[in-house]
Amino acid sequence: MRLRSALIPLAFLPAFCLADVKYTLSPEPANRTVRVTITIDDPKEAESFRIPAWCPGFYFLLQYQEKISDFKAVDATGAPLKVDHSQDVRQWTVSDPEKKPITVSYRVLGDDPGLGFFATSVLPHTAFVNGASAFMYDVDRLTEPTKLKITVPEGWQVATPADPDGEGGYKASGYDELIDHPIQMGHFETRKFVQAGIPFEVVFVSPDQHYTPDLDAETERLKDVSLPALKLFGGAQFKRYIFFIHLAVGNFDGGLEHRASNVQAIFAHKPLNIDDLAAHEYFHAWNVKQIRPKILGPFDYTKEQRTSNLWFAEGVTDYYAKITTYRSGLKDMKWLLDDFSGQVKSLQRSKMRHEISLADCSRRAWENGGFGVQDLSYYVKGLLVGWIFDAVIRDATDGEKSLDDVMRLMYSRYHLPQPGYDEGGILAAINEVTGSDFSHLYNQMVNTTEELPYDLLEKIGIAVDPETGSVTVDQKASGKTVVLRNAWLDRPGGIR
């Protein structure tokens, strides 16, 4: 996820079991709600249903349970079943002593500001569902296959990256996948393109069905920015991808990643100027959705999931947002260096950088709005740490390797359904790629409050003045440094 402006504070399935957890979703525009049902065909005497306490991609506790009403449960004959909601505000337990198939139903208030982002939005002409806000899970069936049916008012469209089930609905391997495919319904504009053989969609949604931006031109830019990551990793885990572009800002201006899509809430300027924002959320399809700390998938939705590596998940993703936007040809070298100059200035203005480490900043995100601690952002410092590591990896390997190789190694090793990496997995990957031990540098930049060693960027011919934030190409560089500098500034054809 990435913030554009600070508008808010911020058990595996047994082989013999073939039953699916069945969901239905129906928007109710007149009530500004969606109706959800969940059917369990082979229940136990008691089944407990929970709504998540947080949304993957945003490291902050949310109160989704406050939007739920009219919870009911019936058996296969339609007879009501007893529901206990007294033990936990996020949990409803249904008693079914005869173990007949059960169906629970409830409403979710769709009052998420703007066009929907972290939660559910229902307006007269459109509705959006972030799965974590609307779909409860059966606590004992998180990994069981799911099916979803969506019914919408006449004339409404549906857009979601979920896999069709061949029966007019959608399917997922389990709850984690189900909620990671947002659903857009209603009236919207769609554009399509194919990149590296993969079909992409761009879904533009407007609050008044009027579209100020040039949708075709914006789609072409998204097509360009989608290529470098595919080249870097040699492909993707997703079969299709959707950019959901919400041309309205509620209380959040920025983007949120999902495993085969992302959602951006932005102002409807012309042009939109979302190249690197789109690149950031898109790059998360690899870094976070596949390359991830072990604690971030499969998920525990009941409480905070702390890791010291959010700087890598978000900050290094932001480094690649800049690099891949540059590699796409949409931005030039001046833009890239000016942006990095802004990052240096931002970090050097931070007072908290003297108080807590980057690792601590990552762990403490949950109590501090999800983006850092006070004026220390793990996005900003993480980006700069990624940049420095890219430089020293290139230098240590005489230009044969780069941070790209670290990303590829981690992708091959940790992509789903493989477990994520341990807390020390990033350093281990860097050391493996380089054949060197970077423990001291890693500890200095990640686990202490020492100033970042910007002088190491001279290894790729970049001069940084931390006093002014100036970032320039070192015109006096020669020999190996020139080669490394040129390699770092390569366009897509230079991705090794």
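Colleague: Why are helix 7 and helix 9 called oblique to each other?

Modeller: This is a predicted model, and here the axes of helix 7 (residues 333-349) and helix 9 cross at roughly 125°. Roughly perpendicular covers 65 to 115 degrees, and roughly antiparallel needs an angle over 145. The crossing of roughly 125° fits neither class, so the pair counts as oblique. The two axes come within 9 Å, and the crossing is left-handed.

Colleague: Which residues make that contact?

Modeller: Helix 7 brings Phe340, Gln343, Val344, Ser346 and Leu347, while helix 9 brings Val380, Lys381, Leu383, Leu384 and Trp387. Sorted by class, that gives 7 nonpolar, 2 polar and 1 charged residues.

Colleague: And what makes helix 9 oblique to helix 13?

Modeller: Helix 9 (residues 378-396) packs against helix 13 (residues 480-488) at about 130°, with the axes 10 Å apart. An angle must be over 145 to be roughly antiparallel, so helix 9 is oblique to helix 13 as well. This crossing is right-handed. Trp387, Asp390, Arg394 and Asp395 of helix 9 meet Lys480, Leu484, Ala487 and Trp488 of helix 13. By class, there are 4 nonpolar, no polar and 4 charged residues.

Colleague: How do you know whether Ser261 is buried or exposed?

Modeller: Buried means under 20% relative accessible area. Ser261 has 0% relative accessibility, so this residue counts as buried. Ser261 sits in strand 21 (residues 261-265). Beyond its neighbours within four places in sequence, Ser261 is in contact with Pro161, Pro182, Tyr241, Ile242 and Phe244.

Colleague: What makes helix 5 mostly covered?

Modeller: The same cut-off applies, under 20% relative accessible area, and 9 of the 9 residues of helix 5 (residues 275-283) are buried. The buried residues include Asp275, Asp276, His280 and Glu281, along with Leu277 and Phe283.

Colleague: Why do strand 5 and strand 14 stand at the edges of their sheet?

Modeller: The sheet is open, with 7 strands in the order 5-8-3-2-12-15-14 and mixed pairing. Strand 5 (68-75) and strand 14 (163-164) each have a single partner strand, so one side of each lacks a neighbour in the sheet.

Colleague: How do you know that strand 12 and strand 15 pair?

Modeller: Pairing needs at least two bridges, and 3 bridges join strand 12 (residues 146-150) to strand 15 (residues 170-172), so the two strands pair. Strand 12 and strand 15 run antiparallel, and Leu148 has Tyr170 of strand 15 as its bridge partner. In general, strands of a sheet pair through backbone hydrogen bonds, either parallel or antiparallel.

Key. Residues numbered from 1 in each chain as written. Predicted model: local features only at pLDDT ≥ 70, side-chain atom pairs only at ≥ 80, totals over all residues. Heavy atoms only, no water. Axes fitted to C-alpha atoms, helices over the stretch in contact; angles between N-to-C directions. Helix = DSSP H or I, 4+ residues; strand = E, 2+ residues; numbered from the N terminus. Parallel < 35°, antiparallel > 145°, perpendicular 65-115°, else oblique. Left-handed = near helix turned anticlockwise from the far one by under 90°. Contact = heavy atoms within 4.5 Å. Nonpolar A, V, L, I, M, F, W, Y, C, P; charged D, E, K, R; others polar. Buried < 20%, exposed > 50% of the residue type's maximum accessible area, 1.4 Å probe, protein only.
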